[in-house]
Amino acid sequence: MAPHSNDSEPVSEPAEAPVPPPGTADAEAGVTGAGRRLAAMRRFAAAGRRWRGSRSVGCAALLAVALTAGAVAVDGVREGRGVVAAGVPQGGPGMLNGVGLDAGVPALQARLRSQPRDFGGWATLGLAYVEQARTDGDPSRYPRAEKALKRSLDLNPGNDQALAGHAALAAARHDFADALAYADRALRSNPYNERALCSRIDALVELGRYDDAARAADTADTRRPGIPVFTRYAYVRELRGEVDTARRVLEQALAGASAPADVAYVATQLGRLAWSQGDHPAALGHYARALAADDTHLPALEGRARAKAASGDEAGAVRDLESVVARSPLPGPLVALGELYEARGEQAKAREQYTLVDAWTALARSGGVNVDLDTALAAADHGDKDAALRAARAEWGRRPTVHTADALAWALHVSGRDAEALPYARRATATGYRNAAFLHHLGVIERAVGRDGDARRHLTAALELNPGFSPLGAREARTALKDLETAR
């Protein structure tokens, strides 16, 4: 139940959806929440295909079916050809001061029943809802988070806990301008608020203000050193091309980690960094350590799948990604799995994954999440090219980041507008960020405009940096290089 004017009634969790009867699509997908969400997404995607172009069934009616099983949230940016992976390391261990979500939310609700004027409790509950939505993919928690945080501010206007919670909520919804504004307000009240310090870094990164983000990371490191700050500090350095610094900071954070959640989180970040730089054996080692600490840590399992695929173990990668998708049907693993199926010649299975991304996009929008970047990235390679370009342009107007520049460049390329795409592709690589997918896109666009020498250089650089950055993208880069050499 959402909070209302009667302070005696705290926010409570909705009842779990009933177990489906045998033989239904939900039962066949499993009775877990993730299984029901995946089955609902499949029904929604199938309905969308049947009724596309028809006015007899509205989008709201289609969404209503899927939302009964819970929607999914977005938290990622593209790293490969159509592959969505973690960007800013949002959330992470330590951000709820040790309160476990499964046990913490009911405990907070019980406390607020007896102490309904506890503004700190309301703020913590609101933040817990944000974290739950991030981890279980259910944006229906966002309105409850907003109401809990508002209750906290009603009880104690200007308190930094609630303002920091609002910053986290805005970031989760990809409203980074609001996230920055709330973080700044929280820090004026309490300059040492860890959540606000971290949300400020996140917002500046996602607004493309990298120099400001670096200064914010330095400030946060001075005021509240710890794993949430260290991982963000490392990512900001990585975006500036300082890979060795990023690795060193993460290694120091891992050396100081003791809780299993901390070990899994930091080891996963190290695995992602190693994979992005083409060190696939090291990546597999980091992911093994993460999963040894917490075998339910899905980002580590997804990362291991990418490292397996890059190492030639496609069957193992498919098994891992199928396991991830069964529990968390988000665009990253869906597209990655689809591309692996496509590379193996399993076209029907690949199309199903791409269709589920479309269903996810509609569900996430219904939860108030801005998904234009994800729409642009997935649609450019596997969907509606016009929709991809519209979404990329809209997102560029909100946040001119390297990832948005790459997405806009690629959407322009697939629409046949390579001369217009080239400046954006160059901008995507201008900060020094070492990303094989960006280099691949730049090389392909350069070839299209007749800059063959530049194209050879950047396609070669992409494959030298990370030869397994994408099963389809790497194959495309190798083919383009071969054609360029033949044409010499």
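Start by selecting R451: at 38% relative accessibility, this residue counts as partly exposed. Keep in mind as you click around that the model is predicted. Now add D454 to the selection. R451 and D454 form a salt bridge, with their closest N and O atoms 3.0 Å apart. D454 is the buried partner, because its relative accessible area is 17% and the cut-off for buried is under 20%.

**Zoom out for a moment**

Show the whole chain as a cartoon. You'll find 25 helices and two strands. The chain has 488 residues, and buried ones make up 57% of them. If you take the contacts with a separation of 6 or more, 60% of them are between residues 24 or more positions apart.

**More salt bridges**

How many salt bridges are there in this model? The count comes to 28. As general background, side chains of opposite charge can pair when their charged atoms come close.

Pick R195 and E131 next. Their side chains meet in a salt bridge, 2.9 Å from N to O. This one links distant parts of the chain: R195 belongs to helix 9 (residues 194-206) and E131 to helix 5 (residues 119-136), with their positions 64 residues apart in sequence. Are these two buried or exposed? Both R195 and E131 are buried.

Then go to R173 and E146, which form another salt bridge, the closest N and O atoms being 3.1 Å apart. R173 sits in the loop between helix 7 (160-172) and helix 8 (176-189), while E146 is in helix 6 (residues 141-155), so the pair ties together parts that are 27 residues apart in sequence. R173 is buried at 18% relative accessible area, whereas E146 is partly exposed at 37%.

**One loop, one unusual phi**

Stay in the loop between helix 7 and helix 8 and select H174. This residue is buried, with a relative accessible area of 8%. Check its backbone: phi is near 65°, a positive value in a residue other than glycine. For background, most residues other than glycine have a negative phi.

**On to R399**

H174 is one of the residues that R399 touches, so to speak a signpost to the next stop. Select R399, in the loop between helix 20 and helix 21. With a relative accessible area of 3%, R399 is buried. Which residues does R399 touch, not counting those up to four places away in sequence? They are H174, F176, E206, L207, L373 and T404.

Now bring up the side chain of E395. A polar contact of 2.3 Å joins the side chains of R399 and E395.

**Two helices side by side**

With R399 still on screen, colour helix 20 (residues 385-398) and helix 21 (residues 402-414). Their axes come within 9 Å and cross at roughly 150°. That makes helix 20 roughly antiparallel to helix 21, because angles over 145 degrees count that way. The crossing is left-handed.

To see where they meet, show side chains on both. On helix 20, the contact is made by K385, A388, L389, A392, R393, E395 and W396. On helix 21, the residues in the contact are T404, A405, A407, L408, A411, L412 and V414. You've met two of these names already: E395 shares a polar contact with R399, and T404 is touched by R399.

**A stop in helix 18**

Jump to T361 in helix 18 (residues 347-366). T361 is buried, with a relative accessible area of 8%. Leaving out residues up to four places away in sequence, T361 touches V371 and T375.

**Last stop: Q277**

Finish with Q277, in the loop between helix 13 (260-276) and helix 14 (280-293). Is Q277 buried or exposed? Q277 is buried, with a relative accessible area of 14%. Setting aside neighbours within four places in sequence, Q277 is in contact with V243, R434 and L465. Show the side chain of R434, and you'll see the polar contact that the side chain of Q277 makes with it, at 2.8 Å.

One more click: add A462. Q277 and A462 are 185 residues apart in sequence, yet 9.9 Å apart in space, C-alpha to C-alpha.

How values were computed
Residues numbered from 1 in each chain as written. Predicted model: local features only at pLDDT ≥ 70, side-chain atom pairs only at ≥ 80, totals over all residues. Heavy atoms only, no water. Salt bridge = Lys/Arg side-chain N within 4 Å of Asp/Glu carboxyl O. Helix = DSSP H or I, 4+ residues; strand = E, 2+ residues; numbered from the N terminus. Buried < 20%, exposed > 50% of the residue type's maximum accessible area, 1.4 Å probe, protein only. Contact = heavy atoms within 4.5 Å. Polar contact = N/O pair within 3.5 Å; in protein donor to acceptor, adjacent residues only side chain to side chain. Axes fitted to C-alpha atoms, helices over the stretch in contact; angles between N-to-C directions. Parallel < 35°, antiparallel > 145°, perpendicular 65-115°, else oblique. Left-handed = near helix turned anticlockwise from the far one by under 90°.
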